[in-house]
Amino acid sequence: MTHTASQPVSGTPDLPPAIESLLAQGPLLGPAWPGAAKAIAWIVLLLTALQIGRTAASLPFEQISGVMAGIVGFCFIGLAVIVRAMQTSVVRIDSQGLHQSWITHRSVAWEDIQYAKFVPMLFSKRLIVFRRGGRPLVFQSGNKALQTAFAHIALTYRRQ
């Protein structure tokens, strides 16, 4: 049975029974990205740094454009910020809703979910949450417990 705003929910007024049972042991907390995705991101960052260094060392100083060097440096810093955010990002599922730390914090309350879709990709299992009156949010899952929870949430809030 799926949860909609017009259906009464037993137990906690804001939580569907499937979500209540999912959280029976307490909030779920885990990494947003699996170890393999984090490792690949660090490898890409390292290879990018090595390539930038090799290219800069092979060119005479006069041929290096300040503007291009600034653009490459800015892009590298952006990539480093994303890799660092992947390393530290955490997903929390609790009685209030779904939360994920990232470059900015993502959060959605249970009552704001219109429907959800579980997308099992190669390195990252994702839950796309379509909110009532807002843009969709994507939550990442870095471990089996979160993946299972995402699948249950998607079944509970499937599109009708």
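Visitor: Which residue in S6 stands opposite Ala116?
Guide: Ala116 faces Val129 in S6. The model is predicted: local features need pLDDT of at least 70, side-chain atom pairs count only at pLDDT 80 or more, and totals for chains, interfaces and linings use all residues. Residues are numbered from 1 along each chain as its sequence is written, and side-chain values use heavy atoms, with hydrogens and water left out.

Visitor: Why are S5 and S6 said to pair?
Guide: Two strands pair if DSSP finds at least two bridges between them. S5 and strand S6 (residues 125-131) are joined by seven bridges in the antiparallel sense, so the requirement is met. Strands themselves are DSSP runs of E with at least two residues, and helices are runs of H or I with at least four, both numbered from the N terminus.

Visitor: What makes strand S5 and strand S7 edge strands?
Guide: The open sheet has three strands in the order S5-S6-S7, with antiparallel pairing. Strand S5 (113-120) and strand S7 (137-141) each pair on one side only. Neighbouring strands of this sheet are turned by 20 degrees against each other on average, direction ignored. Helix H4 (residues 144-156) packs on the sheet and touches S5, S6 and S7, contact being heavy atoms within 4.5 Å. The direction of H4 makes about 135 degrees with that of S5; such angles run from 0 to 180 degrees between N-to-C directions, with axes fitted to C-alpha atoms, for helices over the stretch in contact.

Visitor: How do you know that S1 and S4 stand at the edges of their sheet?
Guide: The second open sheet to consider has four strands in the order S1-S2-S3-S4, with antiparallel pairing. Strand S1 (28-31) and S4 each have a single partner strand, so one side of each lacks a neighbour in the sheet. The average turn between neighbouring strands here is 10 degrees, direction ignored.

Visitor: What joins strand S3 to strand S4?
Guide: Four bridges join strand S3 (residues 97-100) to strand S4 (residues 106-109), and the two run antiparallel. His99 has Ser107 in S4 as its bridge partner, and a hairpin of five residues leads from S3 to S4. S2 and S3 also pair in the antiparallel sense over four bridges, with Val91 standing opposite Gln100 in S3.

Visitor: Why is the meeting of Asp94 and Arg92 called a salt bridge?
Guide: A salt bridge is a side-chain nitrogen of Lys or Arg within 4 Å of a carboxyl oxygen of Asp or Glu. The side chains of Asp94 and Arg92 meet at 3.1 Å, N to O, so the pair qualifies. The structure holds one salt bridge.

Visitor: Is Asp94 called buried or exposed, and why?
Guide: Buried means under 20% relative accessible area, exposed over 50%, and partly exposed in between (1.4 Å probe, protein chains only). Asp94 has 8% and is therefore buried. Arg92, with 34%, is partly exposed.

Visitor: What is the class of Val90, and how do you know?
Guide: Val90 has a relative accessible area of 32%, so Val90 is partly exposed. Val90 is found in strand S2 (residues 90-94). Leaving aside neighbours within four places in sequence, Val90 is in contact with residues including Leu29, Gly30 and His99.
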